[in-house]
Amino acid sequence: MEKIKSLLESTPLKATPQRLAILKEISKWGHIDLDSIYKNLSRTFPSMSLATVYKNLHTLKEYGIIKELNIDNLKNKYEIAAQKKHHHLVCKVCGEITDIFLETTEITKQTQNMEHFDVDYCEVFCYGVCEKCKEKGKGN
Ligand SMILES: [Zn+2]
Ligand SMILES: [Zn+2]
């Protein structure tokens with residue numbers, strides 16, 4: 001919990017129990033959507049509405065504490081922003097997201113040559129079928 005709390009230290013945001021619980025939930029799952037956060041926290045905070053969770057996510061996003069991932073055909077997911085830059089493998093069947101740490105120097109180089117654009121970093125989403133779903137014979 002101390003580590004979670006420190007995420008808010010560089011911001012003027014108060015470390016409310018709700019905010020800390022939301023951040024803890026995101027940190028625990030790695031990537032999680034609004035509905036799941038709400039569902040998981042509704043037992044601890046029965047009076048907290050979906051709109052409150054959304055508002056908190058929005059604020060945390062604005063301060064750069066969390067990142068919103070917009071993924072094709074899936075609900076937007078949130079992750080803690082203070083991580084090593086990475087890319088994502090997305091399973092089209094079960095929606096599972098896996099972090100991959102890859103160098104994208106090739107993309108960076110190519111983009112620079114094509115558009116004379118200065119690239120700082122690239123974020124790639126790879127869509128496919130995960131191992132678990134393949135084993136179950138789904139996604140063929
Ligand atoms: Zn899958
Ligand atoms: Zn990630």
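Okay, this is a quick walk through one predicted model, from the overall fold to the zinc site and then a cysteine.

Housekeeping first. Local features need pLDDT of at least 70 and side-chain atom pairs count only at pLDDT 80 or more, while totals for chains, interfaces and linings use all residues. Residues are numbered from 1 along each chain as its sequence is written, chains are lettered from A and ligands numbered from 1 in the order written, and side-chain values use heavy atoms, with hydrogens and water left out.

So, the fold. We've got six helices and six strands, where helices are DSSP runs of H or I with at least four residues, strands are E runs of at least two, and both are numbered from the N terminus. Reading from the N terminus, that goes α-α-β-α-α-β-β-β-β-α-β-α. The C-alpha atoms fit a box of roughly 50 × 40 × 25 Å along the principal axes. Of the 140 residues, 33% are buried, meaning under 20% relative accessible area with a 1.4 Å probe and protein chains only; exposed is over 50%, and partly exposed is in between.

Now, which residues hold the zinc ion, ligand 2? The protein donors are His 31 (NE2), Glu 79 (OE), His 86 (NE2), His 88 (NE2) and Asp 99 (OD), at 2.0 to 2.2 Å. Donors here are N, O and S atoms within 2.8 Å of the metal (3.2 Å for Na, K and Ca), and water isn't among the atoms, so sites may look incomplete. The sequence spacing is H-x47-E-x6-H-x1-H-x10-D. His 88 sits in strand E4 (residues 87–91) and Asp 99 in strand E5 (residues 97–100), so that pair ties together parts 11 residues apart in sequence. His 88 is buried at 3% relative accessibility, whereas Asp 99 is partly exposed at 26%.

Over to helix H2, residues 17–29. Its 13 residues should span 18 Å at 1.5 Å a residue, and the end C-alpha atoms are indeed 18 Å apart; the expected span is 1.5 Å times one less than the residue count. Its buried residues include Arg 19 and Glu 25, alongside Leu 20 and Ile 26. Right after H2, Gly 30 takes a positive phi of about 85°.

Last stop, Cys 130, in the loop between strand E6 (125–128) and helix H6 (131–135). Cys 130 is buried, with 15% relative accessible area. What does Cys 130 touch, leaving aside neighbours within four places in sequence? That would be Cys 91 and Cys 94, with contact meaning heavy atoms within 4.5 Å.
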